[in-house]
Amino acid sequence: MAAGPTVLETVRELAKDNGASHHSGQLSSGTGDQLKKRLEQLVNSQPIMLFMKGNPESPQCGFSQKVVDILKKENVKFGSFDILSDSKVREGLKKFANWPTFPQLYCKGELLGGCDIAIAMHESGELGEVFRDHGIQITDSNEGKKLAEPNLGKGGVTEPSGLSTATTERLGTLVNSAPVILFMKGKPDEPRCGFSRKVVDILRQEQVEFDSFDILSDDEVRQGLKVYSNWSSYPQLYIKGELIGGSDIVLEMQKSGELEKVLSEKGVTSGETIENRLKKLVSSSPVMLFMKGTPDSPKCGFSSKVVNALKGESVEFGSFDILSDDEVRQGLKTFSNWPTFPQLYYKGELIGGCDIVLELSSNGELKDTLSE
């Protein structure tokens, strides 16, 4: 449902704005690798793990109590850890998760958030959806009986059941629409869940070109593919029409080298990474301007100003229209650690944006800077 993913995406955008992502692991040198390893083991010790003050039977703060109540209403089993009992875990987890408060709720090792996020996800229905998508068993809170047995799949496409002929044909066409296709939440540049982000990162590390399908945009595909593939959660990765699996399986295959082997056996060759492409682009001309539009037809005032400054100094330069290639546009922001355009480079090194170029020009330093 539309409200749900927005909650998680908002949390992740806030984390990005603060300069880190989930499980950044950027612990201080004093914390040590041992603590980091222990925290990784703890957050993955149960499918659902709650780091709280006190324990479920005796919470020591109202926020922890609320999350415990929510999990009980969701009818899921969960592990817990009393952060009041261990100050190292309490302080270390704040940095490990880039989340400063408690409680902290995790699902399959991924931080969902704190009390407010858990309440919002519960009320919108997203929390139950996340649990179902990741194979969490739902039990009757009164009788302790399983209400939903997750379909764990067999790592391959089985004969579809209960799907219309039109839906089956559509899904068959989709899974075969590219040599490598990822059915995920969101898009590769804007994943809407940590598990989808993991698989995107792995495919990019393997330098594999892949297509994707946002299952949040089409509920027929989202629900139908679970039956078609006999796989109950997302993301789902397909190579040459065959289901490889979800994030956990893809991660294990990458670690063991099996993913590279499967790709090779199926004739899928590695492509150029975006990082390598950007390195070549920024060095493609001694002076290189990444701008909106072209020098003869700038599409924004800032780009126009930089073009005029360069022409005023009779500087020869190459250019790239970032409006023509979103992969370059988004990738360059991370590559250069510079969030806006235009961006001016000299011999592969970032000089800066519009304000810096104009300042260099007004000080009479621009031509010297671009000819050193």
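Okay, let's start with helix α13, residues 301-312, which lies across strands β15 (287-291) and β19 and runs at about 160° to β15. What we're looking at is a predicted model, where local features need pLDDT of at least 70, side-chain atom pairs count only at pLDDT 80 or more, and totals for chains, interfaces and linings use all residues. Residues are numbered from 1 along each chain as its sequence is written, and side-chain values use heavy atoms, with hydrogens and water left out.

Some vocabulary as we go. Helices (H or I, at least four residues) and strands (E, at least two) are DSSP runs numbered from the N terminus. For the angles, axes are lines fitted to C-alpha atoms, over the stretch in contact for helices, and angles run from 0 to 180 degrees between N-to-C directions. Contact means heavy atoms within 4.5 Å.

There's another helix on those strands. Helix α14, residues 326-336, lies across β15, β18, β19 and β20, and runs at about 60° to β19.

So what is the strand order in that sheet? It's an open sheet of four strands, β18-β15-β19-β20, with mixed pairing; two strands pair if DSSP finds at least two bridges between them. The edges are β18 (318-321) and β20 (349-352), each with a single partner strand, so each has one side without a neighbour in the sheet. From one strand to the next, the twist averages 25°. If you want to find your way in, look at β19, residues 343-346: it pairs with β20 in the antiparallel sense over three bridges, and Leu 344 stands opposite Gly 352 in β20.

Now scroll back along the chain, to an open sheet of four strands in the order β4-β1-β5-β6, with mixed pairing here too. Its edge strands, β4 (79-82) and β6 (110-113), pair on one side only. Neighbouring strands are turned by 25° against each other on average, direction ignored. Strands β1 and β4 run parallel, joined by four bridges, and Met 49 faces Gly 79 of β4 across that pairing. Strands β5 and β6, on the other hand, run antiparallel with three bridges. They form a hairpin with two residues between them, and Lys 108 in the turn has a positive phi of about 50°. Within that hairpin, Tyr 106 stands opposite Leu 111 in β6.

Hang on to Tyr 106, please. How many aromatic pairs does the structure hold? Six. Rings of Phe, Tyr and Trp (its six-membered ring) pair if their centres lie within 6.5 Å; planes under 30 degrees apart count as stacked, over 60 as edge-to-face and the rest as tilted. One of the six is Phe 51 with Tyr 106, edge-to-face, at 5.5 Å centre to centre and 75° between the planes. This pair links distant parts of the chain: Phe 51 sits in strand β1 (48-52) and Tyr 106 in strand β5 (104-107), 55 residues apart. Both Phe 51 and Tyr 106 are buried, where buried is under 20% relative accessible area, exposed is over 50% and partly exposed is in between (1.4 Å probe, protein chains only).

Then there's Phe 183 with Tyr 238: ring centres 5.5 Å apart, planes at 75°, so that pair is edge-to-face. Phe 183 is in strand β9 (180-184) and Tyr 238 in strand β13 (236-239), 55 residues apart. Phe 183 and Tyr 238 are both buried. And back in the earlier sheet, Phe 51, Phe 81 and Tyr 106 form one aromatic cluster.

Next, two helices packing. The axes of α2 (32-43) and α4 (87-96) come within 10 Å and cross at roughly 85°. That makes α2 roughly perpendicular to α4; the scheme is under 35 degrees for roughly parallel, over 145 for roughly antiparallel, 65 to 115 for roughly perpendicular, and oblique for the rest. Among the residues in contact are Leu 35, Leu 39 and Val 43 of α2, and Val 89, Leu 93 and Phe 96 of α4.

What about disulfides, how many? Zero, a disulfide being a pair of cysteine sulfur atoms within 2.5 Å. The sulfur of Cys 115 has its closest cysteine sulfur in Cys 61, 7.9 Å away, too far for a bond. Cys 115 is buried, at 7% relative accessible area. Cys 300 is in no disulfide either, its nearest cysteine sulfur being that of Cys 354, 8.0 Å away. Cys 300 counts as buried at 17%.

Last, the whole chain: 16 helices and 20 strands, with buried residues making up 47% of the 372 residues.
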